[in-house]
Each structure stands twice: as C-alpha cells, then as structure tokens.
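Visitor: I have a model open and a free half hour. Could you show me how to read it?
Guide: Sure, let's have it on screen and go feature by feature.

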Amino acid sequence: MAKEGQIKNNLALFGGERAVKSQQEDMFKWPIVTDRHEQAVLEVLRAGKMSGFDITKEFEKKYAQLLGREYGLAYHNGTAAILGALYGMGIGVGDEVIVPSLTYWATVTPAYNLGATPVFADVDPDTICIDPKDIEHRITPRTKAIIVVHYAGMPADMDAIIKIAARHNLKILEDCSHAHGALYKGKEAGTFGDASAFSLMTGKSLAIGEGGILFTDDRQVYERAILFGHYIRHDEITLKELKPFAGLPSGGYKHRMHQLSSAFGLVQLELYPKQMEEIDRAMNYFCDLLDDSLGIRPIRPPKGTNTTKGGWYYPHFRYIAQELEGLSLSRFSEGVRAEGSICNPGCNKPLHLHPLFTTMDVYGHGRPTRIAGLDESTKIDKYIEKLPVAESINLRVFEVPWFKRYLPEIIEEHANAYKKVIKNYKALLADDTGKDAEIGGYSSFFSSQKNTQ
Ligand SMILES: *Cc1c(COP(=O)(O)O)cnc(C)c1O
C-alpha cells in the first residue's frame, strides 16, 4: 500500500525492484583487448622497442591512409597533439583563437603555451558544438584560427564554419577527440580542418592507451610540428625556412608516442570499424526505444543526412524539465541510477568562467595569462564573455549508457529504467530538493560509465 500523500509507484529508489537486472560486464568494457593486442604489445616489450618510432610511423601511416589525409604525426597524448597542431598552423604570441567554451580543457589550454589568447564562443544547444552564429562577431585582426570540437561524437556544423573561416582567412583545427570515425554529411571528422588532432587515451572511442595524433595535408604544418616536439625525426624536415633549426626541438617538448600504444593502435585500427558499427547499432536502438518519451530527447544526427556519431563517445540526451512538471535533473538522475542504469546529469562545465581564463597569471607576466601576449593597453574585461547556452546547458543534458555491444535485451532493460522513472515522475516531485547547481565537471573520465550494480 502506498503511504498517504505518496503516489503509488514501484521505483527502485523507494524499494521497488530494479529495472536493470542482467550482468553488465561485457556491455561497458573498453577497450576490448584481444589476443592480437596482447601479442602486438608483447613483441614490442620483448624487442625492447618501447622508445623507438618504427611502429609508431607504421601506425601514423595506416591511420592517415584510412582517414585519407597526407600526414599523420603521433603524440604521447591528445593534449600534446593539439599543441603541436597549433604551432604547426603558425599560432603564436598575440594571436587569438576562437574556441567553444563547452569542451574538455585540453582543447583550449595549449594556446597558453604559445602565448595566444583563446576567445570563447557559445555552443549550439542541439549539438553542444561551437555555434557558427556566435563566431563571426568575435573575429578581430588578431584572430588566426577557429578550433572546432565535434562534441560527444556529434559533428559540428562544418559547412557554416568553413564558410566563415574562408571569408576571414582563418585556419581551422578540428579537435576530434570525441569523434573517431564520425561522419559529417558522409565525410569523416578530421578531414575538414587545416589540421585535426585526436586523443587516443583509454576512455575515448578509438582507445590505444595514452596517445594522440595529428593529421594534416599541409607539409608546413607537419614539418613545423616535427620541429617543435619530435627532435629525433628532424631528418624529415625539408623546408628551407625550418632546416637551419633542425637538431633541437624548437618548442622544447618531447612529443613521441610510446610504442606499446602504437603497437596496440595498429591492431585497434583494424578492429575499430566493426566495433564502431556495433556501438552505433546499439546506441541507435537505445535512442529509438526512448524517442517518444516525455522529458527526454536523444542527441543524435537527423536521419538521412549521412551524419553519424562514430563511436558515440560520452553520449548525452537533452532533458526537458517542463514536460515533467519541473522535476530537477539531479532528482531524475537519482531515480534512473537507482534502477541500475547510467544517468549522469550535465556535461563539461563551461571553461570561460574558470579563473584560469579570467584572472590567473600563470607565468608571471604581471597580468592575466589570457591577455599576456596582447597590447599592454588590453583589458581582461573585454575577454570575459557571457555565453548563455554554455552557462546553462549542464542543467539541460545528461549522460546515458555508452553501450559497446549490441545486446538488445540488456539495452531494453536500460531503456525500461528510464521509462519507469518517467512514468512515475510524480512520485519524485515530492522529495525533489533540486541539487542542480552542483551539476557538471571539468573531466568526465573515471566518474562516468560505471554501472551502479
Ligand atoms: C580527451 C580530450 C583531449 C585531450 O586528450 P588527452 O589524450 O587526454 O591528452 C582533448 N580534447 C578533448 C575534447 C578531449 O576530450
């Protein structure tokens, strides 16, 4: 019997049976490590080739071929690949780079290493990617590049962004760390920019351990990136203006990839397309099951556009509280998690409000690092943006299970967890203390995709 005043329900949060009952192990395990991976890594270990670069070069070549780009350059992580790409593209002191505020910090911080100023733009609420409508009015004579993130696997609006870049003679860097294999109107993420950079760390869709890679068709970008942080490969430098400086890394960085990663990666490149297909099928099935539910909307590309989310890294849905009488997102998530599914409110916190970008003097310039490379008269206030979507979207999206396998019965259990909570949402309204203010974080890895069972 329901207590007086409490609506009758069978929610797990109130002691009912959980909607998710099956063993989940194979569903979320990532990367899937096979005998082939183990063999490839063991060979490197036994040959003592951990710090070499022969296998890494093979990996670069193979990945560049698959993507259809001229040059690939591997890094020890994605953050370094972004730094190398920006230097390669000629970004330096006093330049401005337009970036989305909603992304993992490594999209933006490498600009500081080069003395450049990041200028934040808002994101589109439907895609969570940089909003092309919020770019153009931020362009100044100092603007050199736009960094695009295909956020959570969703390709950004490249047609519009490419037009803007062409109109103002700006370079484009694609941060593809969420979007391995994703297609924008049939063309793969990472093939649009003057350069593209991918993280390949364990949490990403194409996971090889710790690693990153830069792609470009531009010999100058490639050689500048080699000069900057790949000193052992300076014999590849052919350009007249770079040659005299070969021998020492111009950036003072050492960017080489560990060969346990590249050996693992060579196997992963072969297996990933099939795995990606299975993930895409699983995630679309989950979305289909919940497409018509009140209060939630899957975030996925419109059908029939040949736009895809690749490996569906960090998948999110939108939350529409009004359809559930204003039920807070945190309370909703609590309900779903109690059912044994995954429902993490929010996404990355907006970067433009963090003191690293508003006040901090990181290197002792005597003023905020954000404007350290600009004219002395420049005031930081001019660079402190108001970005309404980035500032509020954490209350309007949540992370859903990232299924690695197409196991329909288990996917149905998770969809049922959501359906059950939506059906019984009135029971959650009563004790809704609405802790939404605490939602979001600067990093998703390790906190997410842990099944609660
Ligand atoms: C993970 C990530 C990076 C950084 O990659 P690491 O390999 O972790 O250094 C950069 N940009 C985005 C959007 C990321 O998610």
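Visitor: Let me start with the ligand: how far is an oxygen atom of the ligand from an N or O atom in the side chain of H178?
Guide: Keep in mind that this is a predicted model. The distance you ask about is 2.8 Å. For a polar contact we look for N or O pairs within 3.5 Å, so this pair qualifies.

Visitor: Which other polar atoms should I look at around the ligand?
Guide: Try T79, where an N or O atom of the side chain sits 2.5 Å from a ligand oxygen. Then look at the backbone of G78, which has an N or O atom 2.8 Å from an oxygen of the ligand.

Visitor: How much of the ligand does the protein bury?
Guide: Start from the ligand on its own, which exposes 380 Å². The protein buries 94% of that area.

Visitor: How many residues are around the ligand, and which come nearest?
Guide: There are 15, and the nearest are T79, D175, H178, S199 and K204. Sorted by class, the shell has 9 polar, 4 nonpolar and 2 charged residues. Helix α4 is its biggest contributor, with 3 residues.

Visitor: Is S199 buried or exposed?
Guide: The cut-off for buried is under 20% relative accessible area. S199 has 7%, so it counts as buried. You'll find S199 in strand β8, residues 195-199. A polar atom of the S199 side chain also lies 3.3 Å from the backbone nitrogen of M201.

Visitor: Let's move to the nonpolar cores. What is the general idea?
Guide: In soluble globular proteins, nonpolar side chains tend to be buried together. Here, the largest nonpolar core has 111 residues, and F286, F332, F398 and Y418 touch the most other members. Helix α4, spanning residues 78-88, gives the most to this core, with 7 residues. Another core lies apart from it, with 27 residues, including A179, F198, L200 and V267.

Visitor: And the whole chain: how many helices and strands are there?
Guide: Count 13 helices and 13 strands. The radius of gyration is 23 Å, close to the 22 Å that the globule rule gives for 453 residues, so the chain is as compact as a globular protein of that length. Along the principal axes, the C-alpha atoms fill a box of roughly 85 × 60 × 40 Å. Of the 453 residues, 56% count as buried.

Visitor: What about backbone oddities?
Guide: Most residues other than glycine have a negative phi, and most peptide bonds are trans. That gives you two things to scan for.

Visitor: Which peptide bond is cis?
Guide: Look at the one from W30 to P31, with omega near -5 degrees. P31 is in the loop between α1 (25-28) and α2 (35-47).

Visitor: Where does N306, with its positive phi, sit?
Guide: N306 has phi near 55 degrees and is not a glycine. It sits in the loop between β10 (296-298) and β11 (316-319). With a relative accessibility of 48%, N306 counts as partly exposed.

Visitor: And what is phi for E325?
Guide: About 55 degrees, positive although E325 is not a glycine. E325 is found in the loop between β11 and α9 (329-338). Its relative accessibility is 47%, so E325 counts as partly exposed.

Key. Residues are numbered from 1 along each chain as its sequence is written. This is a predicted model: local features need pLDDT of at least 70, side-chain atom pairs count only at pLDDT 80 or more; totals for chains, interfaces and linings use all residues. Side-chain values use heavy atoms; hydrogens and water are left out. A nonpolar core is a set of buried Ala, Val, Leu, Ile, Met, Phe, Trp, Tyr and Cys residues joined through side-chain atoms within 4.5 Å. Buried means under 20% relative accessible area, exposed over 50%, partly exposed in between (1.4 Å probe, protein chains only). Helices (H or I, at least four residues) and strands (E, at least two) are DSSP runs, numbered from the N terminus. A residue is near a molecule or strand if one of its heavy atoms lies within 4 Å of it. A polar contact is a pair of N or O atoms within 3.5 Å; within protein, one must be able to donate a hydrogen and the other to accept it, and residues adjacent in sequence count only if both atoms are side-chain atoms. Accessible areas come from the Shrake-Rupley method with a 1.4 Å probe; for residues, only the protein chains shown count as cover. Ala, Val, Leu, Ile, Met, Phe, Trp, Tyr, Cys and Pro count as nonpolar, Asp, Glu, Lys and Arg as charged, and the others, Gly among them, as polar. The radius of gyration is taken over C-alpha atoms; the globule rule is 2.2 Å times the number of residues to the power 0.38.
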